[in-house]
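Colleague: Got a minute? I'd like to go through this structure with you, one topic at a time.

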Amino acid sequence: MRQNTIKQRLKKGDCVFGTFANGISEELVEILVLGGFDFVMIDSEHSCSTAETNRRLLMAGESRGGNMFIRIPSKDSSSVLQSLDIGAQGILVPQVNSVEEARQIIQNAKYYPQGMRGVAVPRASDYGLSMPISKYMLQENDNTLIAVQCENVKCLDSLDEITALDGIDVVFIGPFDLSQSFGIPGEVFAEPIQKVIDQVLAVTKRNGKSAGIYTGSMEMARKYKDMGFTFIIVGSDLALFGDACKKMVDGLKS
């Protein structure tokens, strides 16, 4: 069973940088890992990936020593269970807007006594070959990272309670969805978004958790690190590939 070194680093206060994998390509995932990202977040919310394709992407990343997570498509228990059973070291959950929803995610992601995750002998457990299932269940509870997205004004009243829950490791800001919920779509640097950024940084610090955020910009990623964010996702495999293609073609035609 692979140890979740990203979770361990976050507990020490380290800052980690990852990127989204939307291309459903094992080769692209390998390149992201070999390129040096601390982790890869398979994006099942905004791609057409399935549990089967995600399993192959996880295997590709792991074969190169990568730390692999999945942004699940919904808060449903089946999304949580399948993603963890196939071997994701953690999940990023969209649109977590109440403490009740956060508690249910923990229930679905953790085994007893922290939760009531469905029990099997899945890929995550090395198919039962590396240790007894009882030992695996305890280690999996410690190993699994849960990141919840703050991307709707609905979550703000419950943010402190959500962050304080035992089992929540990261509160992750989705700036674009958040701007839309404020009625200012795409204005991710507007004052209301900055206030949420300040609020998330404050509650995560107070509750001993990690603050995360998305950006498509290397410069903004550095600024967010300086502000105190420690779980930062920068762009995606498709965006990186697209930017490289455009730069190449522009250079050829100039």
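Colleague: How many disulfides does a search of the whole structure find?
Modeller: Zero. Bear in mind that this is a predicted model.

Colleague: Remind me what a disulfide is?
Modeller: A covalent bond between the sulfur atoms of two cysteines.

Colleague: OK. Which cysteine sulfur is nearest to C15?
Modeller: That of C150, and it is 18 Å away. The cut-off for a disulfide is 2.5 Å, so C15 is in none.

Colleague: Is C15 buried or exposed?
Modeller: Buried, with a relative accessible area of 15%. The limit for buried is under 20%, so C15 qualifies.

Colleague: And C155, buried or exposed?
Modeller: C155 counts as buried too, at 1% relative accessibility.

Colleague: New topic. How many aromatic pairs are there?
Modeller: The structure holds seven. One of them is F39 with F69. Their ring centres are 5.6 Å apart and there are 80° between the planes. That makes the pair edge-to-face.

Colleague: Where do F39 and F69 sit?
Modeller: F39 is in strand β2, residues 39–43. F69 is in strand β3, residues 68–71. The two are 30 residues apart in sequence, so the pair ties those parts together.

Colleague: Are those two rings' residues buried or exposed?
Modeller: F39 is buried, with a relative accessible area of 0%. F69 is buried as well, at 0% relative accessibility.

Colleague: What about F172 and F231?
Modeller: Their ring centres are 6.3 Å apart and their planes are at 85°, so this pair is also edge-to-face. F172 belongs to strand β6, residues 170–173. F231 belongs to strand β8, residues 231–236. The pair links distant parts of the chain, 59 residues apart. Both F172 and F231 are buried.

Colleague: Which residues make up the aromatic cluster here?
Modeller: F39, F69, F172 and F231 form one cluster.

Colleague: On to helices. Which residues of α2 are buried?
Modeller: Helix α2 covers residues 26–34, and V29, E30, L32 and V33 are buried in it. They span an arc of only 160° around the axis, so they lie on the same side of α2.

Colleague: What's on the other side of α2?
Modeller: I31 and L34, and they are exposed there.

Colleague: What do the buried residues of α2 pack against?
Modeller: Strands β1 (16–21), β2 and β3, plus helices α3 (51–63) and α11 (237–253).

Colleague: And what follows α2?
Modeller: G36 does, and its phi is positive, near 110°.

Colleague: Let's do strands. Which way do the residues of β4 point?
Modeller: β4 is residues 90–93. G90 and L92 point one way, and I91 and V93 point the other. All of them are buried. In a regular strand the side chains alternate between the two faces of the sheet.

Colleague: How many bridges join β3 to β4?
Modeller: Two, and the strands run parallel. I70 has I91 of β4 as its bridge partner. There is a helix to add: β3, helix α4 (residues 77–85) and β4 make a right-handed β-α-β unit.

Colleague: How many bridges between β4 and β5?
Modeller: Four, and the pairing is parallel. Strand β5 is residues 145–150. Within it, L145 stands opposite G90.

Colleague: Which residues of α5 are buried?
Modeller: V99, A102, I105, I106, N108 and A109, in a helix of residues 99–109. Their cover includes α4, β4, β5 and α7 (159–164).

Colleague: Last topic, single residues. Where is A124?
Modeller: In the loop between α5 and α6 (133–143). A124 counts as buried, at 12% relative accessibility.

Colleague: What does A124 touch?
Modeller: Leaving out residues up to four places away in sequence, its contacts are M1, L84, D85, G87, R117, Y136 and E140.

Colleague: How far is A124 from K246?
Modeller: 39 Å in space, C-alpha to C-alpha, and 122 residues in sequence.

Colleague: And where is N143?
Modeller: In helix α6. N143 counts as buried, at 7% relative accessibility. With residues up to four places away in sequence not counted, N143 touches M1, R2, Q3, N4, K7 and Q89.

How values were computed:
Residues are numbered from 1 along each chain as its sequence is written. This is a predicted model: local features need pLDDT of at least 70, side-chain atom pairs count only at pLDDT 80 or more; totals for chains, interfaces and linings use all residues. Side-chain values use heavy atoms; hydrogens and water are left out. Buried means under 20% relative accessible area, exposed over 50%, partly exposed in between (1.4 Å probe, protein chains only). Rings of Phe, Tyr and Trp (its six-membered ring) pair if their centres lie within 6.5 Å; planes under 30 degrees apart count as stacked, over 60 as edge-to-face and the rest as tilted. The arc is that of the directions from the helix axis to the C-beta atoms. Contact means heavy atoms within 4.5 Å. Two strands pair if DSSP finds at least two bridges between them. A crossover is right-handed if, with the strands pointing away from the viewer, the path from the first strand over the helix to the second runs clockwise.
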